[in-house]
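Work through the exercises below with the model in view. Try each task before you read its solution.

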Amino acid sequence: MDLSFTPEQIAFREEVRAWIREAMPPQIRDKAAADAHFEHDEIMAWHRILHAKGWVAPHWPAEWGGAGLDVTRRFILTEELELAGAPALSPFGLMMVGPLILQFGTDAQRKRFLPKILAGEEVWCQGYSEPNAGSDLASLKLSAEPDGKGNYVLNGQKTWTTYAQYADWIFVLARTDKTAKKQSGISFFLVDMKTPGVTARPTLTIAGTPAFCDTFFENVTVPAENLVGPLHGGWTLAKALLGHERTYIAAVGLSTRTLRRVKRIAAGTKERGVPLLDVPAWRARIARMEIELWALKMANYRAIASAELGHAPGPESSILKIRGSEIMQQMYELAMDVMGHDSLSWHNEPGTVPAIEDAVPPQFNYARAASIYGGSNEIQKNVIAKAILGLPS
Amino acid sequence: MNFDLTPDQKLLESTAASFVKKESPVSRFRALREDPVGWSKSLWKTMAELGWIGLAFPESAGGLGGSFVDVAILLEQFGAGLLPEPYVPSVLAAGTAILRAGSAEQHEAYLAPLIAGDTSLALAWAERGGRYDPTWVETTATKKGDEYVLQGEKIFVQNGHAADVIVVSARTAGTPGDTDGISLFVLPRDTEGLRITPVNTMDGHKAAMITLAGAVVPGANRLGPEGAAAPVLDEIMDLGAAAACAEGLGVMRASLAMTVDYLKTREQFGVKIGTFQALQHRAVDMFIRAELAKGTSILASVKVSDPDPAERRFAVSAAKVELAICGRYVSQQSIQLHGGIGITDEHDIGLYFKRMHVLNALFGDEEHHLARFAAQPAF
């Protein structure tokens, strides 16, 4: 039983920390210090800086431009980036389609797509959900039919296609066999957003920012070479990401940073002249939140240590997504409660005095997405009930 | 980081698990609830022969020099089977008091027979006005020549009803709440003026209410320098809390297993109730809570031996709070999912529910440890 990081791992943490201090441009640094919202071009600028350092894809194999870091170093890198308040990179290329192309794609597909994902030259979005296919993803209807000339023609609609308005490419699950059992007739395609017939229409989220889109496909021609994996085999790809080691998913770095924010706000917010951090009830509530975060961290550390030893993801890793999202939400909720009247502020409305942490209200709203995306927490629980507890169907 | 047990620890774990299964199924504890002692001296002796008591003591004191992680492995198994033998009060509480504060002669006199499994001990520290603060000592020890005269009351002394020797905290100077001025004394149970009233506790274990009515104790029975026992008691509170976390893991694991098993077998509306999503999700929430408590319990079992008391307190208090949150949830829901049968005394699940409450209360409850956690420099 050893809970400590090795001297080499500690040195790596220091190296990452020092590099971030050095490499972060002033504009990003200022926004990070204020935990402000990052615009798309700022996120991509940071993407390119990480790419130049070789750290943009920590979990990719080194031969494809990955950082060649082991599990623990990957975790440390992610945690330090989150702790520094660095812009969160778009996950769709780096974390989702990239690893799928690596695992299931042809060599030609790897050569065509992976370098541009790494370099940030092509931005990706995800086309999974549809208006009538959310948690029941396999009931999706976007159709892909052969045109007899070696292409597929796509018709239908995808929804919650986050940041599709900035994307160059979208990966979609489409129905290629309407007669097969619903999971068996799905294929995985890569679609150029510039193809005629593709339209992305942004939707305002409750955070007041246009993160989601509806993406429409009207007679969109996709060459057969953009099919990844076997025809009708798309469901295997959709499920594959769940089997990957996902020790980063709990976002403990981000929640640790939010906890520091909570303490900062509580120290600067007074009630009858007393900082909230010194009011016993508030102090106890913050302490409880910190302890719950510690419990999540320990589950995360157990998952990392287990992955480091080459074990398959164990029971502790299955809870990281659920608890990671819950803690993130509760942390923002606590920040809002500590802010009191300042939590009513909204995108610096004219006439209001800027709150000390005016980015918290939108983040508090958007955090509700964390327990929905990537398979809602209820779907995660269905999986745990059957796969781990062995409960009957 | 490495959370895997060593081959020796794995062996210890499997030995303890099969020992509990074979020698101490829950039915044994159930029967012992009616017994005035509530645990078995012969099983205690067997546990000593297996080296489990010696495990907690350094070789210099006649022990085997195990780590607290080793002890925690045992306690988790004890918790899973509700084994009632007084390991925590004898070994970790009173044993540590004698180990830390006592002389080599006192080690020989009190720890040697304990390690051999011939005696059991108790530590009388809790007082009614102090809740979980071991420095709130109203009991006084007044020096008279070479002797001390002890006056006061101690409540819910774990294993106080059966212990051969009771270690008592008493104030030789200062006022309740002072860290200075607390001393520890060793009292054989037949000491005149030491009144032991056995009581049943809500979980089916036994304890004692103790009155010190002018009990006369020779100066040689004082452990360590006069008035300097507070740091020893502080460490014992953490050992006890970390022990509760480890035992609680076993309680939670068994509660979850029984509940999942019940969901797989019980039928209503013509189907296994485990097919209902509401109940599946509840079971998953129990599972999540048990996993979370496992992580913090491991944290406590490693950090409880940290040389820096602030580090130790921070980790142990975090774990004890998490135990309270998780243990309460798991044990409450385990009864809920059993339905009416869970409320009956004949079903074992209620025994686990009760033990969980006692573990939450012993060595500091959630509020106590929340406040303590928030008072540490690292907060």
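Four exercises follow, on a model that is predicted.

**Exercise 1. Describe the overall build of chain A.**

Task: find how many helices and strands chain A has, and compare its radius of gyration with the globule rule.

Solution.
- Start with the elements. Chain A holds 13 helices and 10 strands.
- Turn to the radius of gyration. For chain A it is 22 Å, and the globule rule gives 21 Å for 393 residues. The two are close, so chain A is as compact as a globular protein of that length.
- Add the outline. Along the principal axes, the C-alpha atoms of chain A fill a box of roughly 75 × 55 × 50 Å.
- Look inside. In chain A, 44% of the 393 residues count as buried.
- Finish with the contacts. Among contacts in chain A with a separation of 6 or more, 69% join residues 24 or more positions apart.

**Exercise 2. Sort the two sides of helix 1 of chain B.**

Task: which residues of helix 1 of chain B are buried, and which exposed residues lie on the face turned away from them?

Solution.
- Locate the helix. Helix 1 of chain B runs over residues 7–23, 17 residues in total. From first C-alpha to last it reaches 24 Å, close to the 24 Å expected at 1.5 Å a residue.
- List the buried residues: B:L12, B:A16, B:F19 and B:V20.
- View them down the axis. The buried residues of helix 1 of chain B fall within an arc of 95°, so they line one face of the helix.
- Recall the geometry. An α-helix has 3.6 residues a turn, so residues three or four places apart point the same way.
- Now take the face turned away. There sit the exposed residues B:P7, B:K10, B:L11, B:S18, B:K21 and B:K22.
- Name a cover. Helix 4 (68–81) of chain B is included in what covers the buried residues of helix 1.

**Exercise 3. Map the side of chain B that touches chain A.**

Task: which helix of chain B gives the largest share of this side?

Solution.
- Count the contacts. 32 residues of chain B are in contact with 33 residues of chain A.
- Gather the helices. Helices 7, 8, 9 and 11 of chain B each supply at least two residues of this side.
- Pick the largest share. Helix 8 of chain B supplies it, with 13 residues.
- Class the residues. This side of chain B has 20 nonpolar, seven polar and five charged residues.

**Exercise 4. Place B:G66.**

Task: is B:G66 buried or exposed?

Solution.
- Find the residue. B:G66 lies in the loop between helix 3 (41–49) and helix 4 of chain B.
- Apply the cut-off. A residue is buried if 20 or more other C-beta atoms lie within 10 Å of its own. B:G66 has 20 C-beta neighbours inside 10 Å, so B:G66 counts as buried.
- Name its partners. Leaving aside neighbours within four places in sequence, B:G66 is in contact with B:L55, B:A56 and B:V71.

Notes: Residues numbered from 1 in each chain as written. Chains lettered and ligands numbered in written order. Predicted model: local features only at pLDDT ≥ 70, side-chain atom pairs only at ≥ 80, totals over all residues. Helix = DSSP H or I, 4+ residues; strand = E, 2+ residues; numbered from the N terminus. Rg over C-alpha atoms; globule rule 2.2 N^0.38 Å. Buried ≥ 20, exposed ≤ 12 C-beta atoms within 10 Å, placed from the backbone. Contact = placed C-beta atoms within 7 Å. Expected span 1.5 Å × (residues − 1). Arc of directions from axis to C-beta. Nonpolar A, V, L, I, M, F, W, Y, C, P; charged D, E, K, R; others polar.
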